[in-house]
Amino acid sequence: LICLVGCALVTWQGWLRAWDYMHKTIGGETITLGITLWPFMLIFTIGFFWLAFILLIDIYDLIVEVLKR
């Protein structure tokens, strides 16, 4: 449950950061190479969302198993 909450917080903040990078005209890219940062933040956010979803499914399965007994 603690990991689920942590993943949800990271997903939320990652989405806010990716949204901010998408709409920045200055500072949304690396200094040296000029690579935009928002695609990487979006992939990071999707990964943590997927992890939170899997943890939620595991918690649901555990609750169903306990209630069967």
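Which helix does Cys7 lie in? In this predicted model, Cys7 lies in helix H1. That residue turns out to be a handy way into the rest of the chain, so to speak, and the picture below starts from the overall layout and then comes back to it.

The layout is simple to describe: the chain has two helices and zero strands. H1 runs over residues 2-23, and H2 covers residues 38-68. With 31 residues, H2 reaches 45 Å from its first C-alpha to its last, close to the 45 Å expected at 1.5 Å a residue. The C-alpha trace of the chain spans about 60 × 15 × 15 Å along its principal axes. The radius of gyration tells a matching story: the chain has 17 Å, whereas a compact globule of 69 residues would come in near 11 Å.As for burial, 14% of the 69 residues of the chain count as buried. The accessible surface of the chain adds up to about 5,700 Å², and carbon and sulfur atoms own 75% of it. Among contacts between residues at least 6 apart in sequence, 58% join residues at least 24 apart.

Back to Cys7 and its surroundings. Cys7 counts as buried because its relative accessible area is 6%, which falls under the 20% cut-off. Leaving out residues up to four places away in sequence, Cys7 touches Phe48, Leu51, Ala52 and Leu55. Ala52 sits 45 residues away from Cys7 in sequence, yet the two C-alpha atoms are 5.5 Å apart in space. Ala52 is itself buried in H2, as are Met41 and Thr45. The cover over the buried residues of H2 includes H1.

Phe48, another of the residues that Cys7 touches, has its place in helix H2. At 26% relative accessibility, Phe48 is partly exposed. Beyond its neighbours within four places in sequence, Phe48 is in contact with Cys7, Val10 and Thr11. The C-alpha atoms of Phe48 and Gly6 are separated by 9.4 Å, with these positions 42 residues apart along the chain count. Ile46 is also found in helix H2, but Ile46 is exposed, with a relative accessible area of 53%. From the C-alpha of Ile46 to that of Leu9 the separation is 13 Å, and the pair is 37 residues apart along the chain.

Leu9 also belongs to a nonpolar patch on the surface, together with Val5, Trp12, Trp15, Leu16, Trp19, Met22 and Trp38. Taken together, these residues have about 800 Å² of accessible area. Helix H1 gives the most to the patch, with seven residues. Trp38, also a member of the patch, is found in helix H2. Trp38 counts as partly exposed because its relative accessibility is 33%, which lies between the 20% and 50% cut-offs. In the general case, an α-helix has 3.6 residues a turn, so residues three or four places apart point the same way.

Next comes the link between the helices. Leu37 has its place in the loop between H1 and H2. With a relative accessible area of 23%, Leu37 is partly exposed. Once its neighbours within four places in sequence are set aside, Leu37 is in contact with Tyr21, Gly28, Glu29 and Thr30. Met22, one of the patch residues, is 15 residues from Leu37 in sequence, and the C-alpha to C-alpha distance for this pair is 8.2 Å.

Charged pairs make for a short list. Side chains of opposite charge can pair when their charged atoms come close. A search of the whole structure turns up one salt bridge. In that salt bridge the side chains of Arg69 and Glu65 meet, at 3.6 Å from N to O. Arg69 counts as exposed, at 79% relative accessibility, while Glu65 is partly exposed, with a relative accessible area of 43%.

Definitions and conventions. Residues are numbered from 1 along each chain as its sequence is written. This is a predicted model: local features need pLDDT of at least 70, side-chain atom pairs count only at pLDDT 80 or more; totals for chains, interfaces and linings use all residues. Side-chain values use heavy atoms; hydrogens and water are left out. Patches are made of residues with over 30% relative accessible area and no salt bridge: like charges are joined within 9 Å, nonpolar side chains (Val, Leu, Ile, Met, Phe, Trp, Tyr) within 5 Å. Accessible areas come from the Shrake-Rupley method with a 1.4 Å probe; for residues, only the protein chains shown count as cover. A salt bridge is a side-chain nitrogen of Lys or Arg within 4 Å of a carboxyl oxygen of Asp or Glu. Helices (H or I, at least four residues) and strands (E, at least two) are DSSP runs, numbered from the N terminus. Buried means under 20% relative accessible area, exposed over 50%, partly exposed in between (1.4 Å probe, protein chains only). The radius of gyration is taken over C-alpha atoms; the globule rule is 2.2 Å times the number of residues to the power 0.38. Contact means heavy atoms within 4.5 Å. The expected span of a helix is 1.5 Å times one less than its number of residues.
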